[in-house]
Each structure stands twice: as structure tokens, then as C-alpha cells.
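Grab your viewer and work through a few exercises on the model below. Try each task before reading its solution.

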Amino acid sequence: MCGIIGYVGTEAAVPLLLAGLQRLEYRGYDSAGIAVLENGKMAVFRRAGKVEELAREIGRETIDACVGIGHTRWATHGAPTEENAHPHLDCNGKIAVVHNGIIENFRALKERLAAAGHVFRSQTDTETLAHLIEEHNRGDILAAVRLAVSEAEGAYALAVLSEDDPERIIVARKGSPLVLGKGKTGSFVCSDIPAILGNASDVLFLAEGEVAEVRSTGFRVFSRDGEEREPKIRPVTIDPFSIQKGGYKHFMAKEIHEQPRAVGETIRERIHPDGVGFPELGFLGDQSTEAGFARVYLVACGTAYHAAMTAEYQWETLLGLPVQAVIASEFRHRDIPVDPRTLVIAVSQSGETIDTLVATRRAKAGGAKVVALVNTVNSALERESDAAVYTRAGIEVGVAATKTFTAQLAALSLLGLCLARAWGKILPQDMAERIAPFELLPARIATVLGLEKQVVQLAEKFYTASDFLFLARGSLYPIALEGALKLKEISYIHAEGYPAGEMKHGPIALIDERMPVVVLATKRSAYNKTLSNIEEVRARNGIVIAITDHPDDEAILRLSNHIIPIPDSEEIVIPVLYTIPLQLLAYHVAVLRGTDVDQPRNLAKTVTVE
Ligand code: G6P
């Protein structure tokens with residue numbers, strides 16, 4: 001994981017580097033550091049903890065430097081201490097390296113370099129690169145980096161600064177992302193565009209295996225073999241407002257409230273008066289279930305996996321063939337049948353999650369067709385898939401996924417309808433009726449957001465609870481899992497999601513008068529059975545918080561301690577609507593507990609380690 005930044009130009013580098021690192025903290029925030037050339041000399045500042053800590057330390061010094069590199073870390077090799085924080089230096093302290101990824105053969109390289117006299121000061125794999133570059137350095141740092149990376153196995157995005165070559169930063173990538181940016185006062189390198197938004201007007205996405213030099217005036221890009229390539233520069237089109245809090249206390253709150261738009265944008269480009277369009281997937285329509293696909297897997301991690309699971313429930317009904325959601329990190333280790341009649345949908349906000357990428361490679365090796373459902377354009381997952389479908393949620397900064405999740409739910413439901421139509425499972429004349437609920441969905445999300453005050457009251461009542469249980473049936477079961485995950489992630493309260501019918505087989509033992517049980521009870525599916533589960537909770541003195549589209553029903557009114565009403569909607573869109581109060585509950589509980597909502601402990605938004 002980790003975030004990288006670099007700047008070379010005519011402005012003071014330190015504020016640009018620190019601001020960029022702060023915007024990259026979603027990639028990790030265990031420790032941070034920068035290296036700059038101050039009056040031609042390498043100066044390194046590192047701190048365990050967040051970028052804020054580093055900024056506080058540096059604040060006391062005036063640094064006159066117009067070139068530098070920086071890093072925010074999510075620890076893999078070596079504890080999150082100052083000595084393991086990047087940048088890492090060679091023996092002479094003249095070459096500084098920041099790195100995102102894992103050098104898998106670092107132990108062998110380290111042994112060799114140590115035997116040759118190199119002195120190591122950290123436990124990281126990255127420091128090996130600094131010494132390896134030193135070893136290969138014959139006066140041309142670009143050549144030295146190229147030789148060093150040719151020996152490195154694993155994944156890397158790196159930026160290298162040399163005291164002996166102060167006019168340029170050398171960068172290289174394989175497996176981890178790297179973007180070069182050009183602004184009015186100089187050039188940048190970073191892991192992701194938000195880091196340089198507002199400062200750079202044009203960008204270049206470095207391709208796999210490329211090495212580049214970044215100068216104040218522009219870039220030169222080289223292939224792995226040293227052949228110079230024409231840089232493919234494109235304008236930045238992202239609105240800088242998307243990375244500001246816009247009056248909200250936290251990005252998560254802003255992103256929760258952006259859902260009518262995020263879902264609306266995702267839907268808008270797909271639906272037309274009599275159908276659903278995914279033109280980028282034209283090739284799938286030709287494969288009828290008889291002659292073409294025999295099964296579908298949806299692979300994903302974390303919150304995206306809950307979207308995949310919801311699609312599993314919806315698609316098995318729509319498509320009439322086996323559909324299975326599989327956690328990506330499990331997919332590669334299982335002997336799941338994969339062949340050319342297998343369709344795999346890889347669901348990921350970032351398109352960078354390594355477990356999802358590895359699962360995708362395993363599926364492709366077996367002959368499957370892979371479609372990526374991603375929110376980030378130009379990601380590794382997109383490049384490795386046969387086709388990509390975008391959710392249009394916009395940049396999500398909060399580590400806990402919210403608007404990207406509901407956008408995934410909406411996109412997957414529509415994709416399911418599209419495939420069902422293409423494969424003859426839905427008649428053309430029935431499509432308009434199927435699509436109608438999606439047209440109403442953004443407004444209905446807004447209605448549910450209007451219930452925030454009621455959710456705040458619940459949060460005030462229950463924020464000191466030590467455990468929560470979330471129960472649901474059918475396609476709302478993955479939403480119960482997501483509700484529990486959100487609460488765990490940002491409030492650190494232990495929470496479990498369970499199929500309501502499964503409660504009696506274990507979790508019921510946990511229920512007493514202190515246990516809040518959130519029940520998602522829709523009249524659209526198994527309502528009476530869910531009511532029975534509520535009875536079981538009440539019989540054991542548990543506290544029932546019912547979220548329901550049947551709020552006037554006498555039974556639920558009688559049995560529940562608290563009710564949050566949801567607008568009555570067609571089954572295909574209710575997972576989106578039931579998600580909203582659960583996000584709000586997790587958010588307000590976390591705020592009341594005083595946790596770091598946007599950057600919860602130990603987590604990172606983009607997980608590029610297995
Ligand atoms: C991390 C994040 C989660 C996210 C998961 C998958 O664990 O903290 O919020 O759901 O990765 O990320 P992806 O980018 O593949 O959706």
C-alpha cells in the first residue's frame with residue numbers, strides 16, 4: 001500500500017509534499033517522511049504516526065528546497081516505527097528512495113548487499129532498493145534505477161532522489177500505480193491524482209515496467225529495456241471540490257450524503273426508455289447460457305464483497321444459472337471450477353486490491369472472461385480484465401466505503417438485468433417495468449438520508465454498547481454484513497451480521513438486555529419469518545432496532561423498541577435503501593465515541609498486499 005509523492009520545480013517543495021501526502025493518507029497512515037535537497041544536501045524528516053505529526057515536526061524548521069520526495073506508509077515489512085519510515089537511504093545518505101509495493105526477493109538481495117559491505121538501518125524491503133541502486137550507480141542515476149529494478153521481484157512504484165543529480169527525480173513502476181503531473185511551477189510524481197489536484201493540469205499514467213525521469217520542465221519515459229517512449233499526457237478532469245469536505249465534519253459524512261448523486265450518475269448512463277445498456281460488454285450478449293457461460297463468479301474484498309454477495313442473490317434469480325460471490329483472497333487457493341464458460345465479475349472501488357487482482361489472474365489462466373466493475377479509471381484491474389464497467393461515484397476519500405458501495409449495488413443490479421435480457425431471460429416488453437425503480441432510486445435515497453436525526457437519537461442511546469448484532473434475510477443479508485462491517489471499522493465496536501434464520505444456531509446465546517439487535521425487515525421477502533426472529537430476540541430481552549418498509553404493521557410496532565421506516569420499493573433496489581441508515585448509524589456512533597472516522601486505526605483504503 002502506501003502513498004508516494006515527489007516534486008521538482010521552482011516552488012518550495014515541503015508544503016507541496018506534505019499536502020500531497022495528506023491526500024494520500026487513505027493508502028496508509030502508520031508513518032510518514034520526506035527527503036529534500038536543501039542547498040544541494042539531502043535532508044530527511046521522518047515520523048511514526050500520521051502526516052500531521054511529520055508536518056508538526058517540520059513546522060519548526062525553515063527548509064529551502066525545490067525538489068523532494070515523500071511517503072505515507074501502511075506497514076508490511078517492519079513495525080511502523082521512525083526507523084522503518086520512508087524515505088530510505090543508501091550507505092552514504094546521498095540516494096533516497098520511497099516505495100509502494102513489496103520486493104519479494106529482498107532477503108536474498110539484502111544478504112548479497114550486506115556481504116558486499118552495505119549497512120542496513122531498517123527492517124524494510126525498501127531499504128534494499130536504496131542499496132541496490134547505490135551498488136549499480138556509476139554516475140547515471142537513471143541507469144542505476146533501471147538496473148536495480150531489473151533485479152527486483154514483486155511490485156513497486158518508486159521515486160528516487162540523488163544528491164549528485166539534483167535536477168530530476170527518477171521513478172519506476174511495476175504492479176503499483178504511479179502518475180506523473182505537470183503544473184505551472186514544476187512537475188510531480190504521485191500514487192494517485194488527488195495528491196496533486198489543483199497543482200497539476202496534465203498527467204501521465206506510467207505503464208507497467210516503465211522508468212521515467214521527472215524534471216521541472218517535463219518528463220522522459222523509457223521502456224523496461226531503455227527505449228524512449230512518447231509520453232501520453234492528458235488533461236486532469238477531476239473537480240478539486242471532490243477532495244474537499246465541503247462543509248462536512250468528515251469525508252465519510254459528505255460521501256454518505258453524496259449517494260443520491262453517486263447512484264444517480266451510475267444509473268444515468270445505463271438506462272434508456274426501453275432497456276439497460278452496457279455497450280462495453282457487447283461480447284457477453286452473444287453467449288447464451290446454453291452455448292456460452294455456464295456459471296458466474298463475483299470476486300471482491302471487504303465492502304465490495306458485500307456488493308458481490310447481493311448480486312449473487314439477485315443474479316441467480318435473474319439469470320437462472322449458478323452464481324457465486326467469492327472472497328478474492330480465497331478464490332486463488334480453492335479448486336473452484338474455472339473454464340472458458342466461466343464469467344468472472346471482479347468488483348473493486350480502487351481496482352488496485354491485490355487479492356482481487358490475483359483472483360482475476362487465476363480466473364483468466366483458467367480461460368474465464370473477466371469484467372472489472374471499478375470506480376477508479378485506468379486501474380490495474382481494468383488493464384488485466386477483458387472489459388471494465390465504471391461506477392460513477394466520484395472520488396471517495398473516507399477509508400470506510402459508502403457511496404462506492406451503493407453505486408456498486410446499483411450497477412450490479414442493472415448489469416444483472418442487462419445480462420438477463422441479452423440471454424433471453426427477460427422479455428423486451430418487460431424491461432421498462434424492471435427499470436422503473438431505478439429512476440426513483442436517487443430520490444428515495446434522499447428520503448432515507450432525511451431520517452438522519454432519528455438515527456442520531458439511536459446512536460446517542462447505543463454508542464456505549466460493546467456488541468451489536470445485525471440480522472436480515474435474502475438479498476438484505478449482505479447488507480446486514482455491511483452494517484456490521486461499517487460499525488466495526490470506524491467505531492471499533494464488535495458487531496456481527498447474520499442471516500436472521502441462522503441466529504438460533506448460535507448467536508442467540510449472546511442476546512441479553514444489553515445487546516442491540518438491528519433487524520432489516522422487508523415485507524418484500526420472508527417478512528413473517530423475520531418477525532419470528534424478532535420475537536426470539538425480545539423473548540431474551542434483546543433490544544430490537546427494526547429498519548423496515550412495513551412500519552405501520554401492528555406486529556413490528558409491538559415487537560420493536562425502535563423503528564426506522566424505509567420507503568416501500570421494489571425488491572431489486574431495497575439493498576441500497578437499507579444500507580443508508582446503517583452507514584449513518586456507524587458514522588454517528590463513531591463520532592460519539594470520538595474515533596478517527598475517516599482514517600480508522602490499522603485500516604487502509606487501498607490494500608495492495610496479499
Ligand atoms: C480495504 C478497504 C475497504 C474495501 C476493501 C476492498 O479493506 O478498507 O473499505 O472495501 O479494501 O477495496 P476495493 O478497492 O477493492 O473495493
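Here come the ground rules, then four exercises with worked solutions.

This is a predicted model, where local features need pLDDT of at least 70, side-chain atom pairs count only at pLDDT 80 or more, and totals for chains, interfaces and linings use all residues. Residues are numbered from 1 along each chain as its sequence is written, and side-chain values use heavy atoms, with hydrogens and water left out.

**Exercise 1: the whole chain**

Work out how the radius of gyration of the protein chain compares with the globule rule.

Step 1. Take the inventory: the protein chain has 19 helices and 27 strands. These are DSSP runs numbered from the N terminus, with H or I over at least four residues for helices and E over at least two for strands.

Step 2. Apply the rule, which is 2.2 Å times the number of residues to the power 0.38, with the radius taken over C-alpha atoms. For 610 residues the rule gives 25 Å and the chain has 26 Å, so it is as compact as a globular protein of that length.

Step 3. Add the extents: along the principal axes, the C-alpha trace spans about 80 × 55 × 45 Å.

Step 4. Check the burial: 60% of the 610 residues are buried. Buried means under 20% relative accessible area, exposed is over 50%, and partly exposed sits in between (1.4 Å probe, protein chains only).

**Exercise 2: the cores**

Find the residues with the most contacts inside the largest nonpolar core.

Step 1. Set the criterion: a nonpolar core is a set of buried Ala, Val, Leu, Ile, Met, Phe, Trp, Tyr and Cys residues joined through side-chain atoms within 4.5 Å.

Step 2. The largest one has 95 residues, and W315, I345, F468 and L520 have the most contacts inside it. Helix α19 (residues 574-593) gives the most to this core, with 12 residues.

Step 3. Look apart from it for another core, of 33 residues, including L18 and V179.

Step 4. Go back to L520, skipping neighbours within four places in sequence: its contacts (heavy atoms within 4.5 Å) include L471, I479, Y578 and L582.

**Exercise 3: helix α16**

Test whether the span of helix α16 is as expected or not.

Step 1. The expected span is 1.5 Å times one less than the number of residues. For the 15 residues of α16 (residues 477-491) that comes to 21 Å, and the end C-alpha atoms are 21 Å apart, which agrees.

Step 2. Check the cover: 13 of the 15 residues of α16 are buried.

Step 3. Inspect S491, which belongs to α16. S491 is buried, with a relative accessible area of 1%, and beyond four places in sequence it contacts V589, A590, R593 and T595. The C-alpha atoms of S491 and V589 are 6.5 Å apart, although 98 residues separate them along the chain.

Step 4. Just after α16, Y492 has a positive phi of about 65°.

**Exercise 4: the sheet**

Name the edge strands of the eight-stranded open sheet.

Step 1. Write the order, β3-β2-β4-β1-β10-β9-β11-β15, with antiparallel pairing. Two strands pair if DSSP finds at least two bridges between them.

Step 2. β3 (41-48) and β15 (234-235) each pair on one side only, making them the edge strands.

Step 3. Zoom in on β9 (residues 179-183) and β11 (residues 200-205), an antiparallel pair with five bridges. L180 has L204 in β11 as its bridge partner.

Step 4. Finish with helix α1 (residues 13-23), whose buried residues include V14, L17 and L21. The buried residues of α1 pack against β1 (3-9), β2, α2, β4 and β10 (186-190).
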